[in-house]
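Got your viewer open and your mouse ready? Let's take a walk through this fold, one selection at a time.

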Amino acid sequence: NITNNNILIREQNFKNEIDLLNYDNIIKKEFFEYWKEKNKSQTKMRFELEKTWDLNLRLQRWSRRQNQWNKNSGGLKQKLNTFNKAQEMLNKINKR
């Protein structure tokens, strides 16, 4: 199918453009996975549906937000660890 081939070529071109930019490979992979999602008719990718698009600016913002999310998830991990330790202490007290 010509349409399927066309979108696959555009998807590869999009990936190649991302790969040329100087960002962490994990960030680039996650960014690509998110923005390559196709619409229901499988004719356009998510980024192609945007009214405005600047790849470098979008990736800058994505990278910044990834850093914020990582900081927030670190706080969450710390809270979960504290909760688990408290639960262990309660279990020890209840076993006495």
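Which two side chains meet in a salt bridge at 3.2 Å, N to O? Select Lys15 and Asp19: those are the two side chains, joined in a salt bridge. Keep in mind as you click around that this is a predicted model.

**Stop 1: along helix H1**

Stay on that pair for a moment. Lys15 and Asp19 are four residues apart in helix H1, so about one helical turn separates them. Colour by accessibility if you can: Lys15 is partly exposed, with a relative accessible area of 30%, and Asp19 is also partly exposed, at 39%. Now add Phe32 to your selection. Lys15 lies over the face of this ring, at 5.9 Å from the ring centre.

**Stop 2: the nonpolar core**

Next, select Phe14, Ile18, Phe31, Trp35, Leu59 and Trp62. These belong to the largest nonpolar core, which has 13 residues, and they are the ones with the most contacts inside it. Three elements give two or more residues to this core: helix H1 (2–20), helix H2 (25–35) and helix H3 (55–95). The largest share, four residues, comes from H2.

Zoom in on Ile18 and show what touches it. If you skip its neighbours within four places in sequence, Ile18 is in contact with Lys28, Phe31, Phe32, Leu55 and Leu59.

**Stop 3: the rings**

Time for the aromatics. How many aromatic pairs does the structure hold? There are eleven. To describe a pair of aromatic rings, you give the distance of the centres and the angle of the planes.

Try it on Phe14 and Phe47. Their ring centres are 3.9 Å apart and their planes sit at 10 degrees, so this pair is stacked. The two come from distant parts of the chain: Phe14 is in helix H1 and Phe47 is in the loop between H2 and H3, 33 residues apart. Both Phe14 and Phe47 are buried.

Then hop to Tyr34 and Trp35. Here the centres are 5.0 Å apart and the planes are at 85 degrees, so this pair is edge-to-face. Is Trp35 buried or exposed? Trp35 counts as buried, at 8% relative accessibility, while Tyr34 is partly exposed, at 35%.

For the wider view, select Phe14, Phe31, Phe32, Tyr34, Trp35, Phe47, Trp53 and Trp62 together. Ring pairs link these residues into a cluster.

**Stop 4: a charge over Tyr34**

Keep Tyr34 on screen and add Arg46. The charged end of Arg46 sits over the ring of Tyr34, 4.1 Å from the centre of that ring. Now add Glu37: its side chain meets that of Arg46 in a salt bridge (2.1 Å, N to O). Arg46 is partly exposed, with a relative accessible area of 25%, and Glu37 is partly exposed too, at 42%.

**Stop 5: a network of charges**

The structure holds seven salt bridges. Select Glu11, Glu33, Lys36 and Lys38 to see a network of them.

Which residue's side chain meets that of Lys36 in a salt bridge at 3.8 Å, N to O? That's Glu11. This pair links distant parts of the chain, with Lys36 in the loop between H2 and H3 and Glu11 in helix H1, 25 residues apart. Glu11 counts as buried, at 13% relative accessibility.

Slide over to Lys38, also in the loop between H2 and H3. A polar contact of 2.6 Å joins the side chains of Lys38 and Glu11. Beyond four places in sequence, Lys38 is in contact with Ile7, Glu11, Lys44 and Met45. Pick out Ile7 from that set: Lys38 and Ile7 are 31 residues apart in sequence and 9.0 Å apart in space, C-alpha to C-alpha.

**Stop 6: Arg10 and Ser63**

Back on helix H1, find Arg10. This residue is partly exposed, with a relative accessible area of 22%. The side chain of Arg10 makes a polar contact of 2.6 Å with the side chain of Glu48. Leaving out neighbours within four places in sequence, the residues in contact with Arg10 are Thr43, Lys44, Met45 and Glu48.

Last click: Ser63, in helix H3. Ser63 is buried, at 14% relative accessible area. Not counting residues up to four places away in sequence, Ser63 touches Tyr23 and Ile27.

Notes:
Residues numbered from 1 in each chain as written. Predicted model: local features only at pLDDT ≥ 70, side-chain atom pairs only at ≥ 80, totals over all residues. Heavy atoms only, no water. Core = buried A, V, L, I, M, F, W, Y, C linked by side-chain atoms within 4.5 Å. Buried < 20%, exposed > 50% of the residue type's maximum accessible area, 1.4 Å probe, protein only. Contact = heavy atoms within 4.5 Å. Salt bridge = Lys/Arg side-chain N within 4 Å of Asp/Glu carboxyl O. Polar contact = N/O pair within 3.5 Å; in protein donor to acceptor, adjacent residues only side chain to side chain. Phe/Tyr/Trp six-rings, centres within 6.5 Å; stacked < 30°, edge-to-face > 60°. Lys NZ or Arg CZ within 6 Å of the ring centre and 35° of its normal.
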